[in-house]
Amino acid sequence: TLVHCSYFAIPDTESATGSLTLGRNYDFSPEIYGEISKNLTVTIINDLIPTAIIGMPGQIYCPTCVNQKGLFIELNNGMPSGGSYANKTRQSMLINMLEVMQNSGSLEELNSQMIPLESDYSLVINAANQTHSLSYEFSSNSSLGMKPYSPTPEHPFVSTNFYLNNSWNTPVPMDELTWHGVTRR
């Protein structure tokens with residue numbers, strides 16, 4: 001059973017609609033997702049730039065968010081590449097993502113706010129506007145930090161649970177090490 005998250009961005013030149021097409025998949029088994037999907041909620045926080053949170057009932061953080069300015073952000077667990085250490089001295093990246101969305105009117109503003117952040121656990125965070133997608137690979141290990149990954153705008157981009165930036169010194173991605181992330185990608 002595949003139970004981990006993924007994201008895709010199909011460029012305007014490759015999509016049927018002629019515009020950037022984004023997708024976010026929770027990758028739960030059909031039985032579990034069948035139950036969860038009945039209860040997905042959209043919560044809108046009307047502060048600064050209104051931001052919609054798409055998630056499970058009771059979630060008031062940003063696993064998948066869209067703001068009024070047309071920005072999108074989502075997260076995938078990054079433990080296969082960044083490790084399972086949780087840095088409890090840092091503010092949760094889930095809160096940081098919501099704050100970034102509430103304070104970003106453009107992808108450039110979002111990017112400038114994401115670059116200096118540190119994460120409390122290892123994540124792959126993907127963000128987009130109407131035309132471009134960006135990816136941020138965070139390790140909770142203080143010595144590793146964050147490395148951005150810039151997908152080629154004219155090619156489809158898929159992100160699962162392992163890092164794509166070649167400068168990481170991580171194991172070679174294999175299904176056995178990435179929750180079948182290679183096959184899912």
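Let's start on the outside of this predicted model, where V172, M174 and L177 make a nonpolar surface patch of about 280 Å². One member of that patch, V172, is found in the loop between β10 and α5, the helix spanning 181–184. With a relative accessibility of 63%, V172 counts as exposed, because the cut-off for that word is over 50%.

Stay in this loop for a moment, as other residues here deserve a look. N169 also has its place between β10 and α5. Its relative accessibility is 79%, so N169 counts as exposed too. If you would like a sense of scale, pick V66 as a second point: N169 and V66 are 32 Å apart in space, C-alpha to C-alpha, and 103 residues apart in sequence.

W179 is another residue in the loop between β10 and α5. Its backbone is worth checking in your viewer: W179 has a positive phi of about 60 degrees although it is not a glycine. As background, most residues other than glycine have a negative phi. In terms of accessibility, W179 has a relative accessible area of 26%; this makes W179 partly exposed, because the value falls between the 20% limit for buried and the 50% limit for exposed.

Where else does a positive phi turn up? One place is L48, with a phi of about 55 degrees although it is not a glycine. L48 lies in the loop between β3 and β4, and this is a good moment to look at the hairpin around it. Strand β3 covers residues 41–45 and strand β4 covers residues 51–55; the two run antiparallel and are joined by 5 bridges. To find your way along the pairing, begin at T41, whose bridge partner in β4 is G55. Between the strands of this hairpin there are 5 residues, and L48 takes its positive phi in this hairpin. L48 has a relative accessible area of 59%, over the 50% cut-off, and is therefore exposed.

Now let's turn to the aromatic rings. The structure holds 4 aromatic pairs. A pair of aromatic rings is described by the distance of the centres and the angle of the planes. Take Y7 and F72: their centres are 6.1 Å apart, with 20 degrees between the planes, and the pair is stacked. Why does this contact matter for linking parts of the chain? Y7 lies in strand β1 (residues 6–10) and F72 in strand β6 (residues 72–77), so the pair ties together parts that are 65 residues apart in sequence. Both Y7 and F72 are buried.

Y7 has a further partner in F157. Here the centres are again 6.1 Å apart, but the planes meet at 65 degrees, and this pair is edge-to-face. F157 belongs to strand β10 (residues 157–159) while Y7 lies in β1, so this contact ties together parts that are 150 residues apart in sequence. Like Y7, F157 is buried. Add Y149 to these rings and you have the full group: Y7, F72, Y149 and F157 form one aromatic cluster.

One more ring closes the tour, this time with a charge as its partner. The charged end of K147 sits over the ring of W168, 4.8 Å from the ring's centre.

Conventions
Residues numbered from 1 in each chain as written. Predicted model: local features only at pLDDT ≥ 70, side-chain atom pairs only at ≥ 80, totals over all residues. Heavy atoms only, no water. Pairing = 2+ DSSP bridges. Helix = DSSP H or I, 4+ residues; strand = E, 2+ residues; numbered from the N terminus. Phe/Tyr/Trp six-rings, centres within 6.5 Å; stacked < 30°, edge-to-face > 60°. Buried < 20%, exposed > 50% of the residue type's maximum accessible area, 1.4 Å probe, protein only. Lys NZ or Arg CZ within 6 Å of the ring centre and 35° of its normal. Patch = residues over 30% accessible without salt bridge, like charges linked within 9 Å, V, L, I, M, F, W, Y side chains within 5 Å. Areas by Shrake-Rupley, 256 points an atom, 1.4 Å probe, with all protein chains shown as cover. Salt bridge = Lys/Arg side-chain N within 4 Å of Asp/Glu carboxyl O.
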